[in-house]
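Q: Please take a close look at one part of this model: the strand pairing, and the loop residue that packs against it. Keep it brisk.

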Amino acid sequence: MNVSIFALATTVAVLATTAIAAKVSPLGDAPARGTGLPAGQCIRSHEIRNHTILDRNTLLISDRSKSAYRVTMKGGCLAGATTSDPIITRNPPGSDIICKPIDMDIGISRSGFETQCIVDSIVKLTPEQVAMVPKKLRP
């Protein structure tokens, strides 16, 4: 009897984990690795004004002009973070202009401890894409 209860509990845990991992973003699949902003759409790190966490790999940010961007992280960096957790941005040596993932040095502070994130891609969202994001998750 104990073995069947254990097997059932294990199956439920696996299914729950699979359901969480399979959560589909309202923005669809993540952009290709290394995708950056084209010339004319680059932003300055000090112009970031707001952020929300869409899922464990996706940060949405807005800038001073109210444009919205999707920043995709590697390795579930945002897992367990909430939108109220502050993001930490640093200017890479040489420039504060963000065009490519490598230009963005970002971390998230949870309970006073910082987790460094590796940016995988960054794209500017269209107004239609922003409209697909639930209102409470818009940056």
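A: In this predicted model, three strands make an open sheet in the order β5-β7-β8. Their pairing is antiparallel. The edges are β5, residues 87-90, and β8, residues 113-117. Each of these edge strands pairs on one side only. From one strand to the next, the twist averages 30°.

Look at the β7 and β8 pair. Strand β7 covers residues 105-110 and is joined to β8 by 5 bridges. The two run antiparallel. For a landmark, find I106: the residue opposite it in β8 is C117.

A further open sheet has 4 strands, ordered β2-β3-β4-β9. Here too the pairing is antiparallel. Its edge strands are β2 (48-55) and β9 (119-124), and each pairs on one side only. The twist in this sheet averages 20° from one strand to the next.

Now go to β4 and β9. Strand β4 spans residues 68-73. It pairs with β9 in the antiparallel sense, over 5 bridges. Within this pair, T72 has S121 of β9 as its bridge partner.

Both of those residues lead to P31. P31 sits in the loop between α1 (2-21) and β1 (43-44). Leave aside its neighbours within four places in sequence, and P31 is in contact with R70, T72, S121 and V123. R70 and T72 fall in β4, residues 68-73. S121 and V123 fall in β9, residues 119-124. So the loop residue touches both strands of this pair, with contact meaning heavy atoms within 4.5 Å.

Take P31 and T72 on their own. They lie 41 residues apart along the chain. Their C-alpha atoms are separated by 7.9 Å.

Is P31 buried or exposed? Its relative accessible area is 19%. The cut-off for buried is under 20%, so P31 counts as buried.

Step back to the whole chain. The protein chain has 2 helices and 9 strands. Along the sequence they follow the pattern α-β-β-β-β-β-β-β-β-β-α. Of its 139 residues, 35% count as buried, and P31 is one of the buried residues. Among contacts with a separation of 6 or more, 60% join residues 24 or more positions apart. The contact of P31 with T72 spans 41 residues. The chain exposes about 8,400 Å², and carbon and sulfur atoms supply 60% of that area.

Notes
Residues numbered from 1 in each chain as written. Predicted model: local features only at pLDDT ≥ 70, side-chain atom pairs only at ≥ 80, totals over all residues. Heavy atoms only, no water. Pairing = 2+ DSSP bridges. Axes fitted to C-alpha atoms, helices over the stretch in contact; angles between N-to-C directions. Buried < 20%, exposed > 50% of the residue type's maximum accessible area, 1.4 Å probe, protein only. Areas by Shrake-Rupley, 256 points an atom, 1.4 Å probe, with all protein chains shown as cover.
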